[in-house]
Amino acid sequence: MSALLELEDVHARYGPVRALHGVSLAVGEGEVVAVLGANGAGKTTTLRAISGTVHRNGALRFAGRALPGEPDAVARLGIAHVPEGRGTFAELSVWENLRLGAYTRRGSLKSDFDRVLAYFPWLADRRNQQAGTLSGGEQQMLALARAFMQHPRLLLLDEPSLGLAPLLVSEVFRIVRELNENEGVSVLVVEQNAHIALQVAQAAFVLEVGRVALAGPTADLQQHESVRKSYLGY
Amino acid sequence: MVELTRRLPTMGRRLPVSPLIILLGAACVFLLVGSLESTIFAQQTVSGVAIGVVYGSLALALVLIYRATEVINFAQGEMAMATTYIAYQLILWGLSYWEAFFITLVLAFVFGVVVQLAVVRPVAHKSVIAVVIVTVGLFILIDGIVAWIWTADIKFMPAPFGNHAYNLGGVAISRQDLGTIAITLVSVVVLWALFRFTKLGLGMRAAALRPASASLVGVRVDRMLAVGWGLAAVLGAVAGLMAEPAVLVLQPTFMQPILLYGFAAAVLGGLESPAGAVVGGIAIGVFVNLVGQYVHFVTSDVRQPVAFAVLLVVLLIKPTGLFGRRRVRKV
């Protein structure tokens, strides 16, 4: 499998504070990859390094080419980043949020919207609702729908389970899996909830204080003693 | 990490403004009844609306930039003044008024973009106060350059609408007033439609509201800010060109009182509300005209202080302005 995204020895810092100390990881074409780790391990920063929202250096390649450093240029390459807090345009309507998802593309949005409705039928009645008035779960779904509108090759998801009820969490991950299987979108997902992340992902990386501590196919990691103790709790 | 969030999600549409609607409705009824009672009142009202929409469009330019960058562009009036001089020069070179008008709007757009790129962007990341100081410097710079090129002597421009007046039921309404109202409102509506219906407008709104999220979906935030300054300069140019016949003469200081009224209109409207800016401008235009007509100690020397006294009272009662909403900042 050729790697769609490759990070090699990536460092990142917030001002004087170093957050990544040489992270190397890869996401294959059509793969779902999870990034696990404790608070402050650098999971979010890894995603931000990819999308160019934090100052970083090191080798970052997407589809064989070096990733640009500006977030809007990264987005135009086909990388959709759903950040912490979901990146909802709370003041705008649901429909305007979806239109912004398709901002990097040309052409009609109507057929895309119909396809979005296949995944999120409830959006049909909420087109004109102000996005900030949606519930947390709905906003997470809207964020996925917005990313879908971008037709991404790679989807970066930051803690999609955060603040959601367990039922909604499995719903979100069910849709992530469907997007991956039906649309061929590769996914790099950062998640505290290792149980569900490992159910959906084919491979995972475990970060500890800004470095990759463990990596491998999920089946292997689930057997790994320290992963079980630290992240799965048995 | 301590961070000031730019804007918090507001819960629900901000429609519960019924006291405001009642207030505006009452004001309209008052103006209508007054106009039916007295022709002078009617004439003062119409010319107040005409100068008011000019204040309103300059206020709208201020609001556009304020919403995108949280900065008041103190040079907005002087930029409008400079573009009016450009129109003056084009007419002097033999173009008709309306040819000069539209070419000036294009040049104003370029002017606004260049100002943003050349002097605002380099300091934009430093602090709000740095940008404010730059706009104050720009005010002085533009004043100097215009006086250097065209001298500070009074100039005259042809009247765009002629000096005819229509007689509507005994009330003489000048073509100048009607034309000013029409041109200004059309430019405001075009701008509104641009923001509301086009992809560029959506990108600009996203960039202003949530720059970080906007860049993640591929919006070039820097470019949007530059376009925003360009559009603000176009609105300012419309305001300048429409204000010039009202103040009758062209000189480097002619936009300064208008900027003050425009600023007052923006604050009255809530500083973040485009509709508020236009309504605020009209309210101030009409109010100042009527007070000047009927309150005898208010001569033209004290019109500005009176307008600002009223503004002060409004802000003491309702600090968020007419259309503003209380903004909560999370720290």
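# Close-up views of a predicted two-chain model

**View 1. A12(A) in its strand.** Let us begin with a single residue: A12(A) is part of strand β1 of chain A. Please keep in mind throughout that this is a predicted model. A12(A) has 22 other C-beta atoms within 10 Å and counts as buried, because the cut-off for that label is 20 or more. Setting aside residues up to four places away in sequence, A12(A) touches A19(A), L20(A), T45(A), A49(A), V54(A), H55(A) and R56(A). A partner from far along the chain can be found here too: G210(A) is 198 residues away in sequence, yet its C-alpha atom and that of A12(A) are separated by 9.0 Å.

**View 2. Strand β1 of chain A and its two partners.** Widening the frame from A12(A), we meet strand β1 (residues 3-14) and strand β2 (residues 17-28) of chain A, which run antiparallel and are joined by nine bridges. Within this pair, R13(A) stands opposite R18(A) of β2(A). The two strands make a hairpin with two residues between them, and G15(A) in the turn has a positive phi of about 60°. Which strand also pairs with β1(A) in the antiparallel sense, over seven bridges? That partner is β4 (residues 55-62) of chain A, where A59(A) stands opposite E8(A).

**View 3. The six-stranded open sheet of chain A.** Follow the strands across this view and the order reads β6-β7-β8-β3-β9-β10 (chain A), with mixed pairing. At the edges are β6 (79-82) and β10 (211-217) of chain A, each of which pairs on one side only. On average, neighbouring strands of this sheet are turned by 15° against each other, direction ignored. As a reminder for reading such views, strands of a sheet pair through backbone hydrogen bonds, either parallel or antiparallel.

**View 4. Strand β3 of chain A between β8 and β9.** Here the pairing is parallel on both sides: β3 (residues 32-37) of chain A is linked to β8 (residues 186-190) of chain A by four bridges in the parallel sense, and five bridges join β3(A) to β9(A), again running parallel. Two residue pairs help you find your bearings. A34(A) is set opposite V189(A) in β8(A), while V33(A) has A203(A) in β9(A) as its bridge partner.

**View 5. Strand β9 of chain A and the hairpin to β10.** Is strand β9 (residues 203-208) of chain A mostly buried or exposed? Five of its six residues are buried, so the rest of the structure largely encloses this strand. β9(A) and β10(A) run antiparallel and share six bridges, with L214(A) in β10(A) as the bridge partner of V206(A). Two residues lie between the strands of this hairpin, and V209(A) in the turn has a positive phi of about 30°.

**View 6. V189(A) and the largest nonpolar core.** This core has 167 residues, and those with the most contacts inside it are L156(A), V189(A), A204(A) and L58(B). Helix α2 (residues 39-69) of chain B contributes the largest share of this core, 17 residues. Zooming in on V189(A), and leaving aside neighbours within four places in sequence, we find V32(A), A34(A), L157(A), P160(A), V176(A), A197(A) and A201(A) in contact with this residue.

**View 7. Helix α3 of chain B.** Why does the length of this helix agree with expectation? At 1.5 Å a residue, the 17 residues of α3 (residues 76-92) of chain B should span 24 Å, and the end C-alpha atoms are indeed 24 Å apart. α3(B) is mostly covered, with 13 of its 17 residues buried. After the helix comes G94(B), whose phi is positive, near 110°.

**View 8. Where chain B touches chain A.** In this contact region, 20 residues of chain B are in contact with 23 residues of chain A. On the chain B side, α7 (199-209) and α8 (211-216) each supply at least two residues. α7(B) gives the most to that side, with five residues. For context, chain B has 12 helices and two strands, and 42% of its 331 residues count as buried. The C-alpha trace of chain B spans about 65 × 50 × 35 Å along its principal axes. Its radius of gyration is 20 Å, in agreement with the value near 20 Å for a compact globule of 331 residues.

Terms used
Residues are numbered from 1 along each chain as its sequence is written. Chains are lettered from A and ligands numbered from 1 in the order in which they are written. This is a predicted model: local features need pLDDT of at least 70, side-chain atom pairs count only at pLDDT 80 or more; totals for chains, interfaces and linings use all residues. The expected span of a helix is 1.5 Å times one less than its number of residues. A residue is buried if 20 or more other C-beta atoms lie within 10 Å of its own, exposed if 12 or fewer, and partly exposed in between; C-beta atoms are placed from the backbone. Two strands pair if DSSP finds at least two bridges between them. Axes are lines fitted to C-alpha atoms, for helices over the stretch in contact, and angles run from 0 to 180 degrees between N-to-C directions. The radius of gyration is taken over C-alpha atoms; the globule rule is 2.2 Å times the number of residues to the power 0.38. A nonpolar core is a set of buried Ala, Val, Leu, Ile, Met, Phe, Trp, Tyr and Cys residues joined through C-beta atoms within 7 Å. Two residues are in contact if their C-beta atoms, placed from the backbone, lie within 7 Å.
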